Each structure stands twice: as C-alpha cells, then as structure tokens.
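Q: I have a model open and I'm not sure where to begin. Could you walk me through it piece by piece?

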Amino acid sequence: MDQKYSDKATQKMIKYAAEENLTTVWDRFEAMQPQCGFGKLGLCCRHCSMGPCRIDPFGDGPQTGVCGADADTITARHLTRMIAGGAAAHSDHGRGVVHTLQLAAEDMGSAYQIKDEKKLKAVAEIYGIKTENRKAKDIASDLVSEVKKEFGQQDGTIRFVTTAPEVRKQLWEKLGITPRSIDREVVETLHRTTMGVDAEYRHIIKQGMRTALADGWGGSMVATELQDVLFGVPNPLKSSANFGVMDEDKVNILVHGHEPALSDIIAEISLSEEMQKKAVDAGSKGVNVAGICCTANEILMRHGIPIAGSFLQQELAVMTGVADIMIVDIQCVMPGLKAVSDCFHTKLVTTSSKAKIPGVHHVEFHEKDAEKTAREIIEMGIENYSNRKAEDVFLPSEKEPLIAGFTAESVYDFLGGTYRATYRPLNNAIIEGRLRGAAGVIGCSNPNVDYEKGHIQMVKELLKNDVLVVVTGCNAISCAKHGLLQPESAFKYAGKGLQEICRAVGIPPVLHMGSCVDNSRILRVLSNIVAEGGLGNDICDLPAAGAAPEWMSEKAVAIGFYFVASGVYTMIGKPLPIMGSENLYNYLTDEIEQETGGKWAFEEDPIEAAHKMIRHIDKKRKNLKLKPLVYEQPFPVED
Ligand code: BF8
Ligand code: SF4
C-alpha cells in the first residue's frame, strides 16, 4: 500500500510498526486479499437459510437466489440494510443525547447543564413548545418528552423535516419518502428487506431514502442540536492535530469513539488543579487529553482539545508508547486495538453499555455518575503513567495548527456583515461569481485506497477552483493534519475569488463543521442558503456538491443517501456494493436525479472526482443564470 499521501507522522508510525512487527489495519487488509468478488458487487445474500445465495456476475451460473430474488433485488436489499445500520448508529447516538438532556433538565446538580438557552429555545420552537417566560429546565423537559415520543411515533412527521425548504418537503411528500419516525423507518427497512417481502429495487431504495432522511433530518440532527443545547453551540477556535499533540512528559488520555457525554466531562475535569497535581505527583508534568475520530471532533469544537488522529490512526496512536489510557465508547472502534494495546502499557477501556471488546477492561458509563466515572478514568491514566517504558516510546513530533468550530449559526455571524446576522454575503459571493460554489467533503478513510490521497487531492482541487469546502468527520481530521484548516492555506491553495472571501472575513478556505452527526449542520446551511434567496427554491438548485472520497462505514451510506434524497450530487471514491446490478447502478447514478434532484457518482481518481463535482456546480450556475466567475479558472467550465 502506497502511503506517500498520508501525513508525515503517520508515515513514520507505519514504518515503525513494520520494523517492530506490529500489525495494523493495513496489514489485516492485505491479509484479507483477495476479498470476496460477489460481496464487492453486492451479489450475495444471507437473509435466510435457504441461502447463502450468490448471483453469477458473468451470466453463466445462477441469476437468482433460491427464492428467486435477482441481482437488482439482492443489491438493493443489502444496500438499504446498510442505510438502516448507519441511520440506527447516528440515531441511537441522538437518543443517548436526549437522555443526557433529560438528566440536565431534571437534576440541576448533575454534571450536565443546559449551556445554550438560545439554542434550547430555537429547537423547542421547532417542536412547537412554548418558550416565552418559561424556565430553561421546563422547556428542556418538554423538549425531551417530545423528542423521545418522536423516536417511536407511528404517524406524523419528524419535526426537523419542517426546517427543510418548502419545495423539498412537497417533493418528499410526492415521492412518499417523508420520514415518519426514526425507529419506524429502521424497522420497516429491516422488515422490507427480509426474505420474501419487497423485491422491487426502486421501491426498496425509496424506503432506504426515507430511512436515510430519518437519520439526517432526524437522529443526526437531534444529536447535533441537543448536544449544542447541552455543551454549547461551537464557535471558531484554535487548536492542533496529529500525534505531536500527545506530550511525552504528561499523562496522555486518548478519548475515542463518538459520544461526547463522557469525554466532555473528562476534558473539563482533567484541567482541574486537583487532577493536574495528581499527575505531577505521579512524576509527570500534568494531564493531557487528545481525541481520535468523531469524539475528537466533538471536544475539539467545544473545548479546543487537540486531535491525535483519525480512524486509521487509532492503533498507531497506541504504538507511540505514550498513550497512558485510551477510552472508547461506540462506533469506528477497531477490536484490533486490544492486540496492539497488549503490546504496550496503554490501558484500553470500553465505556458504553452497548459495546465491549473481549478481554478489555470495562468501566460502564452512566450519565448520572459522569463525574465519578471521569475521575476514575483520569486517575487510571495517571496511575498507569509509571508503567510507561522509555524503550517503547516512539512519538512523531508533527502537529498542525487549525481553526475549527464552524456551524450553521456561525455562518450567519462571520459572513454576516456588521449590522445584521445573515447569509446574504455568502449568497452574494456565489451570485457575483467570486465563489464558484460550495462542497461538503466528509467521511472516513479506508485501507482500500491510499490513506488521505482522496481527501487531500480532492479538497485542494476544489479550493483551486474557488469552491468553498466544508468538512466533517475523518476528512476534517485529514484536512487539519495537512494544514488546510488555517486561514493561510487560502493563499497557498485557493483560487483568487475564494482567497478574497477568506481574506475579507479571516476564515480558512476549509471550514471544520464537526463530527459525522454534524453533517446535519450542512443540511441546515444548505436550507439557510435557499431561504436567503437568489439561488433557487430548493437544495438541488444550489451550485453545491458533496463527497466522501474514502468512505468505509454504513454510516457514510446513510449520509450519502440523505444528501441524495435532499437534492445533492454526491460523489464517492470506490463504488457502493451494487455494481452487480446494472439497473440499480443506472438508477442511483442517473435516473434518481429526475426524482430527487440529487444523484450518486463514483470516481476513484480524486482530481477527476473534483472535476465532476465542479462540472455539476457549473451546471447549476448555468441553470440559475448566474454571472460569469470574477476570475479566470484553471479548470474549464465545459467538459
Ligand atoms: O462517524 S468519518 S471513520 S469516525 S464513520 Fe468513523 Fe467514518 Fe471517521 Fe466518525 Ni464518520
Ligand atoms: Fe437466497 Fe433469497 Fe434467502 Fe437471500 S432471501 S438467502 S436470495 S433464498
């Protein structure tokens, strides 16, 4: 695997791992080759025990499973189950946040407080809850009860759907894909894709889209918005990223996973004099907290806690030999961490009631005991510091400064001019042709492609062509490590128009918008741009595109589908596992555009992928009859 595109610190660690005979995700990926060709094409089915069945992609062997399901049905069913998996993951995270808010509302002595009353009121109003002259805790109680009911409601519509553009809501109604409730859509998807139920691939995908919308405009949005209520709406702040944020002289606590409930408290308590003193008494110079994956993004956005690494760096972070404790909760946590932490002094601790790893120490976290558990964990890390072995330490010093913490709200503020918070300047920049358009580049990394090549090459190509980029998830971490989240990067990489905007408002050309549930922030940004006016009536009218160049997780499939169903052209690198069905491929990459205004595109070359996104943006500019671009572009408008 060619690693030359990954950041320098990762290159060093991979080399070190090979020299020390330590196994990484890349080694296990190599050992897995060749991977099952039927699975890659989506042509195998295990949904009942008449199978497993597989369709012969060459046409000589069976063309249906034992039940008669063909390639179209089998690929569509499997893909839709991936959506349900992803939607369930994001939404169960959201459900957890509702419980935390309940605690904050009921018990004012709890570790959790309502930090953002303005946001609480804004969300409550969407749910039709009265806010005037009411105490925050009463509003929050009502909100908790409404959101809880909504997860399992049988009829009606998810409330956040009401924040989508009017035309979009009507379209969803017409298509019959307005999500009713989160749990209901996930359950119906599992039902319809079980043996002998829904066999019509377009019909199956429609339910997939409804489930994905229940994620983006439901579970993920609940997670994002209520986390903002509890932990505060992020504001742009400075921090840094990469292994160099770990401190050889301090107790390093790594928080990894997705839910901020525990890590937020750890971040706060670790700064206390008491904990810093304990760490000094143990022979170190203090406590240092750093994050991995989306937990990192969450506490970066709100506390400026630095990022140690992204998904593919989790094992390498342990191999530095300076991670005294790594606590993990849910999602994107590799069970392979156990084997590597066994080779080092690192204490690996699982904390979620939903996720254990065999042989790994489990400290179950419950919100009511948040402070106690946070202390226990920090102290465990401090205690483990003395077990650190000098000969095991190999810590690359690389770290990059960054600015993170942008939100749908902060776009109002930083581009809002002096007198009034508004999206007008952003819309005008697009209308006048200083900005060509906007792109969301998000998602995982995957050992099936060169690490970070897709993310970085694509983002740089978009910047060069005056496309403002917003990022979340592991892409945001990759951009951070490659120095793209700094205002100065505009002058290195952006076209002249984008440079002007960045200079005028002092922002980086790549805006860090948070974790993967925070892709819901991008939906809100798109809706706000539509509402501001001048760029069409619907999300699909906007000169915008989305991409997940190195996607890996089922969550990425759910995200991609809620963007496509919301009208966004959505580009990924390796294709979805549907290539065994020509019909489904044609539907998702072409015909679906007639229905939702969005569609999927698959392109493994990141530069070509960026060009396809730009062509789409240009097509939308043309449809809107916008002015020509202010500055000549390096990439031609026409094919
Ligand atoms: O939820 S980008 S590898 S960490 S799935 Fe996982 Fe993918 Fe990273 Fe965040 Ni999102
Ligand atoms: Fe085979 Fe049909 Fe059963 Fe799937 S549902 S395993 S295709 S018989």
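A: This is a predicted model, and a good place to start is its largest nonpolar core, which has 167 residues. The residues with the most contacts inside this core are Tyr112, Ile266, Leu462, Phe561, Leu576 and Leu588.

Q: Which helix gives the most to this core?

A: Helix α9 gives the most, with 15 residues.

Q: And which residues is Leu462 in contact with, leaving aside its neighbours within four places in sequence?

A: Once those neighbours are set aside, Leu462 is in contact with Ala439, Val441, Val467 and Val469, and also with Ala610, Met613 and Ile614. There is also a second, separate core of 36 residues, and among its members are Ala290, Phe311, Leu348 and Ile357.

Q: Back to α9 for a moment: is Gln227 buried or exposed?

A: Gln227, which has its place in helix α9 (residues 201–231), counts as buried because its relative accessibility is 0%, and the cut-off for buried is under 20%.

Q: What does Gln227 touch, then?

A: Not counting residues up to four places away in sequence, Gln227 touches His93, Val97, Val222, Gly232, Pro260, Glu298, Arg302 and Val517. Two of these come up again in helix α12, where Glu298 and Arg302 are listed among the buried residues.

Q: How many residues of α12 are buried?

A: In α12, 10 of its 11 residues are buried, so that the helix is mostly covered. The buried ones run through Cys293, Cys294, Thr295, Ala296, Asn297, Glu298, Ile299, Leu300, Met301 and Arg302. Just after this helix, Gly304 takes a positive phi of about 75°.

Q: What about strand β5, how many of its residues are buried?

A: Strand β5 covers residues 287–292, and 6 of its 6 residues are buried. In a regular strand the side chains alternate between the two faces of the sheet. Here both faces are covered, with Val287, Val289 and Gly291 buried on one side and Asn288, Ala290 and Ile292 buried on the other.

Q: Which strands does β5 pair with?

A: Strand β4 (residues 251–256) runs parallel to β5 and is joined to it by 6 bridges, with Ile253 standing opposite Val289. Strand β6 (residues 307–309) also runs parallel to β5, joined by 2 bridges, and there Gly291 stands opposite Ile307. Between β5 and β6 the chain crosses through helix α12 (residues 293–303), and this β-α-β crossover is right-handed.

Q: Do β3 and β10 pair in the parallel or the antiparallel sense?

A: Strand β3 (residues 237–241) and strand β10 (residues 400–404) pair in the antiparallel sense, over 5 bridges. One of the residues involved is Leu237, whose bridge partner in β10 is Ala404. As for covering, 4 of the 5 residues of β3 are buried.

Q: Changing topic: which protein atom is a donor to the nickel atom of ligand 1?

A: The single donor from the protein is the SG atom of Cys516, which is 2.2 Å away from the nickel atom. Cys516 itself lies in the loop between β13 (510–512) and α22 (519–532).

Q: What angles are found among the donor atoms there?

A: The nickel atom of ligand 1 has 4 donor atoms, with angles of 92 to 160° among them, and the site is irregular.

Q: Last one: how many residues of helix α19 are buried?

A: Helix α19 (residues 473–481) has 9 of its 9 residues buried, including Cys474, Asn475, Cys479 and Lys481. Just after α19, Gly483 takes a positive phi of about 75°.

Conventions:
Residues are numbered from 1 along each chain as its sequence is written. Chains are lettered from A and ligands numbered from 1 in the order in which they are written. This is a predicted model: local features need pLDDT of at least 70, side-chain atom pairs count only at pLDDT 80 or more; totals for chains, interfaces and linings use all residues. Side-chain values use heavy atoms; hydrogens and water are left out. Buried means under 20% relative accessible area, exposed over 50%, partly exposed in between (1.4 Å probe, protein chains only). Two strands pair if DSSP finds at least two bridges between them. A crossover is right-handed if, with the strands pointing away from the viewer, the path from the first strand over the helix to the second runs clockwise. Donors are N, O and S atoms within 2.8 Å of the metal (3.2 Å for Na, K and Ca); water is not among the atoms, so sites may look incomplete. Four donors count as tetrahedral if all angles lie between 85 and 135 degrees; four count as square planar and six as octahedral if opposite donors are over 155 degrees apart and all others between 65 and 115; anything else is irregular. Contact means heavy atoms within 4.5 Å. A nonpolar core is a set of buried Ala, Val, Leu, Ile, Met, Phe, Trp, Tyr and Cys residues joined through side-chain atoms within 4.5 Å.
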